[in-house]
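Me: I would like a close look at a single part of this model, beginning with one loop and its backbone and then following related features into the interior. Please take it slowly and keep the residues tied to their surroundings.

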Amino acid sequence: MDTSFSSSVSMIRDLVKRNANRKPDVDLPRVAFPSFSHPHPVTNVTWFGHSAAILEMDGKRLLLDPMFGSAPSPFPWIGGKRYSRELPFQLDELPSIDAVVFSHDHYDHLDYGTIRKLRNKVTQFFVPLGVGSHLERWGIHPDHIVELDWWDEVEWAGLTIACTPARHFSGRSLNDRNASLWGSWCIRGISSNIFFSGDSGYGPHFKEIGEKYGPFDLTMMECGQYDPRWAPIHMLPEETVQAHLDVKGKWLLPIHWGAFTLSFHEWTDPIERVTKCGKERNVPIVTPKIGETFLVEGDSFPSSKWWE
């Protein structure tokens, strides 16, 4: 991040400046998530806002960055609250989860309350190096945690799960900056190949990932909470489209937006800019409502402008 004096002053100015569209005025539309007893046989994804999603692939159900808390910070008056008054489901009603995948340990991705409620529903967690220490402290048995370095991969339940690079940082307090790793994930099954970016600035690592693990049927690519002053750690929407092309993706699902205000842009800016750029570059942008499930196959995908 740009930590110069002038940049710090400008961020304080932007923080106190009132922008009426940094948060939605009304509750966001959402679709009630069905409690299936068994995963759908066709690969499908359900997005829950920000970076949280369920991926069903080859008979397995994976949760990606499941942050289901009401605030993305231990201090809600700083980070604000979730846009939607309610989730599309109750945590106690979630169907069985085979595995959880985390990209890094920031509060808007790794949530203590969510883990406490999930720990009896999940027996497998995949995390970058060092993130497992949080889970152990919160009651997850070490045998249920697999930590991976960049470019490590494991075969699990018929799926290949690989931890790949990202350009970001980690830490949950003043004294643990970069004490654990952050990363993106490639999840390959028999029928589909999925890329999950986690949080990342744009960089050459996307092309490297595409060369090694692409092409991808769907990329879930960070798009939101950006600012030119911290572009090295969060992509601008146009870079999101380029990163999708770099990893050789087919469909692009923009994530990291639609739930919290963590930057200074208008809350609809990410989706408006990424869909505009996607149209210009012939990239199909998937725009499901929160809680809406879509199949990763064929040429049909959600494309409504529900945020307007």
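Reply: Ala157 sits in the loop that joins strand 7 (153–156) to strand 8 (159–164). The model is a predicted one, and in it Ala157 takes a positive phi of about 50° although it is not a glycine. Most residues other than glycine have a negative phi, and most peptide bonds are trans. As to its surroundings, Ala157 is partly exposed, with a relative accessible area of 40%.

A second residue, Lys248, invites a similar reading, since Lys248 also has a positive phi, of about 70°, without being a glycine. Lys248 lies in the loop between helix 6 and strand 12, where the positive phi comes just after helix 6. At 35% relative accessibility, Lys248 counts as partly exposed.

The helix that precedes Lys248 can be described through its inward-facing part. Helix 6 spans residues 237–246, and its buried residues are Pro237, Thr240, Val241, Ala243, His244 and Asp246. An α-helix has 3.6 residues a turn, so residues three or four places apart point the same way. The cover over the buried residues of helix 6 includes helix 5 (205–213), strand 11 (216–222), strand 12 (249–255) and helix 7 (269–280).

Two of these covering elements, helix 5 and strand 11, are joined by a loop that contains Pro215. The peptide bond from Gly214 to Pro215 is cis, with omega near -5°.

From here the description can pass to the nonpolar interior. In soluble globular proteins, nonpolar side chains tend to be buried together. The largest nonpolar core has 53 residues, among which Val45, Leu218, Met220 and Leu253 touch the most other members. Leaving aside residues up to four places away in sequence, Met220 touches Val45, Ala53, Leu64, Ile194, Phe195, Phe196, Ser197, Leu253 and Ile255. There is also a second, separate core of 24 residues, which includes Val100, Phe102, Leu110 and Ile115.

The packing leaves some enclosed space, counted as two cavities of 30 Å³ or more. The largest cavity has a volume of about 60 Å³, and its lining is made up of Arg22, Tyr83, Gln225, Trp257, Gly258, Phe260, Thr261, Leu262, Ser263, Phe264, His265 and Trp267. Sorted by class, that lining has six nonpolar, five polar and one charged residues. The second largest cavity holds about 30 Å³ of space, and Phe48, Gly49, Arg82, Ser84, Glu86, Leu87, Gly258, Ala259 and Ile290 line it. Here the classes come to four nonpolar, three polar and two charged residues. Gly258 therefore appears in the lining of the largest cavity and in that of the second largest, given that lining residues have an atom within 4 Å of a cavity point.

The cysteines deserve a separate word. A disulfide is a covalent bond between the sulfur atoms of two cysteines. In this model the count comes to zero disulfides. For Cys223, the closest cysteine sulfur is that of Cys277, at 9.6 Å, which is too far for a bond, because a disulfide calls for sulfur atoms within 2.5 Å. Seen from the other side, the sulfur of Cys277 has that of Cys223 as its closest cysteine sulfur, at 9.6 Å, again too far for a bond. Cys223 is buried, with a relative accessible area of 0%, and Cys277 is buried as well, with a relative accessible area of 7%.

Two further residues bring the account back towards the outside. Glu93 is placed in the loop between helix 2 (76–79) and strand 4 (99–101), and Glu93 is partly exposed, with a relative accessible area of 49%. Its C-alpha atom is separated by 9.7 Å from that of Phe33, although Glu93 and Phe33 are 60 residues apart along the chain. Lys305 belongs to the segment after strand 13 (293–295), and at 53% relative accessibility Lys305 counts as exposed, because the exposed class begins over 50%. The C-alpha atoms of Lys305 and Thr287 are separated by 7.3 Å, with their positions 18 residues apart along the chain counted as the distance apart.

How values were computed: Residues are numbered from 1 along each chain as its sequence is written. This is a predicted model: local features need pLDDT of at least 70, side-chain atom pairs count only at pLDDT 80 or more; totals for chains, interfaces and linings use all residues. Side-chain values use heavy atoms; hydrogens and water are left out. On a 1 Å grid over the protein atoms alone, a cavity is a set of points where a 1.4 Å probe fits but cannot get out, and a pocket is an open set with protein on both sides within 12 Å along at least five of seven lines; lining residues have an atom within 4 Å of a point. Grid points are joined across faces, edges and corners, and a volume is the space filled by probe spheres set on the points. Ala, Val, Leu, Ile, Met, Phe, Trp, Tyr, Cys and Pro count as nonpolar, Asp, Glu, Lys and Arg as charged, and the others, Gly among them, as polar. A nonpolar core is a set of buried Ala, Val, Leu, Ile, Met, Phe, Trp, Tyr and Cys residues joined through side-chain atoms within 4.5 Å. Buried means under 20% relative accessible area, exposed over 50%, partly exposed in between (1.4 Å probe, protein chains only). Contact means heavy atoms within 4.5 Å. Helices (H or I, at least four residues) and strands (E, at least two) are DSSP runs, numbered from the N terminus.
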